Amino acid sequence: MFGGLGVTELLIVGLVGLIFLGLVLVVFLAARAGARPSTRLAWRSATLPPPVSADLQNHVRHLYVAGRKIEAIKVIREETGLGLKEAKSLAEALASGRVIPTAPTGDPARPDLASRARELKAAGRTEQAVFLVRGETGMGQSEAEAFIDAL
């Protein structure tokens, strides 16, 4: 038939070609999916929870104390848009007494954390800026220093 190949040989060559194309497609799609940034959790640091209002934090703590853990996680998901795993971690952190950054209240008289830290850094008071960031966010020393360096 084609170059001395019979029907059986052509079927085998075609099958091998299809398998190869399938593998290339799988690798391409996997690489493309891995490169896609997550828009839902784009705000999130790997170690820091999102800012949560003080009212929500207190509500979740009270629900945990009352043994209503599932309801606490649901409330967090509704208020923050977090996924189940993240909401559960946040609820457990709040219940254990961990310091969570509070959401800004929108008080125009008080500048945001970045502005206050930037002012301290500009005045040569970098250590105080790091201390301020650590106190208000619960960041570790190296995270707070990286935040200040980025300002």
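Which side chains meet in a salt bridge with 2.7 Å from N to O, one of them being glutamate 71? The partner is arginine 68, and the N to O distance for the pair is 2.7 Å.

Before going further, a word on what you're looking at: this is a predicted model, where local features need pLDDT of at least 70, side-chain atom pairs count only at pLDDT 80 or more, and totals for chains, interfaces and linings use all residues. Residues are numbered from 1 along each chain as its sequence is written, and side-chain values use heavy atoms, with hydrogens and water left out.

**Salt bridges**

A salt bridge here is a side-chain nitrogen of Lys or Arg within 4 Å of a carboxyl oxygen of Asp or Glu. By that rule the count is three salt bridges. Accessibility is sorted into buried (under 20% relative accessible area), exposed (over 50%) and partly exposed (in between), using a 1.4 Å probe and protein chains only.

| Acid (relative accessible area) | Base (relative accessible area) | N to O distance |
|---|---|---|
| Glutamate 71 (33%) | Arginine 68 (40%) | 2.7 Å |
| Glutamate 92 (37%) | Lysine 88 (41%) | 2.6 Å |
| Glutamate 136 (28%) | Arginine 116 (17%) | 2.7 Å |

Helices in this report are DSSP runs of H or I with at least four residues, numbered from the N terminus. Glutamate 92 and lysine 88 both sit in helix 4 (residues 84-95), four residues apart, or about one turn of the helix. As a rule, an α-helix has 3.6 residues a turn, so residues three or four places apart point the same way.

Now for arginine 116, which bridges to glutamate 136. Arginine 116 belongs to helix 5 (residues 113-122) and glutamate 136 to helix 6 (residues 126-137), so the pair ties together parts that are 20 residues apart in sequence. At 17% relative accessibility arginine 116 counts as buried, while glutamate 136, at 28%, is partly exposed.

**Helix 3 and its neighbours**

Helix 3 (residues 69-80) has twelve residues, and its expected span (1.5 Å times one less than the number of residues) is 16 Å; the end C-alpha atoms are 16 Å apart, which agrees. Its buried residues include Ala72, Ile73, Val75 and Ile76. These cover an arc (taken from the directions from the helix axis to the C-beta atoms) of only 160°, which puts them on the same side of helix 3. Turn to the face away from that buried side and you'll find Ile70, Lys74 and Glu78, which are exposed.

What do the buried residues of helix 3 pack against? They pack against helix 2 (54-65) and helix 4, where contact means heavy atoms within 4.5 Å. Just after helix 3 comes glycine 81, with a positive phi of about 80°.

**The nonpolar cores**

A nonpolar core is a set of buried Ala, Val, Leu, Ile, Met, Phe, Trp, Tyr and Cys residues joined through side-chain atoms within 4.5 Å. The largest one has 16 residues, and Val60, Ile76, Leu90, Ala91, Leu94 and Ile100 touch the most other members. Helix 2, helix 3 and helix 4 each supply at least two residues of this core, and helix 4 gives the most, with five residues.

Isoleucine 76 is a handy place to start browsing. Leaving out residues up to four places away in sequence, isoleucine 76 touches Val60, Gly81, Leu82, Ala87, Leu90, Ala91 and Leu94. There is also a second, separate core of ten residues, and Val133, Met139, Ala144 and Ile148 are among them.

**Helix 5 and the end of helix 6**

In helix 5, Leu113, Ala114, Arg116, Ala117 and Leu120 are buried. Looking down the axis of helix 5, these buried residues fall within an arc of 165°, so they line one face of the helix. Glu119 and Ala122, on the other side of helix 5, are exposed. The buried residues of helix 5 pack against helix 6 and helix 7 (141-150). After helix 5 comes glycine 124, whose phi is positive, near 80°.

Over in helix 6 is threonine 137, which is buried at 11% relative accessible area. A polar atom of its side chain lies 2.6 Å from the backbone oxygen of valine 133. The backbone nitrogen of methionine 139 lies 3.1 Å from a polar atom of the threonine 137 side chain. A polar contact is a pair of N or O atoms within 3.5 Å; within protein, one must be able to donate a hydrogen and the other to accept it, and residues adjacent in sequence count only if both atoms are side-chain atoms.
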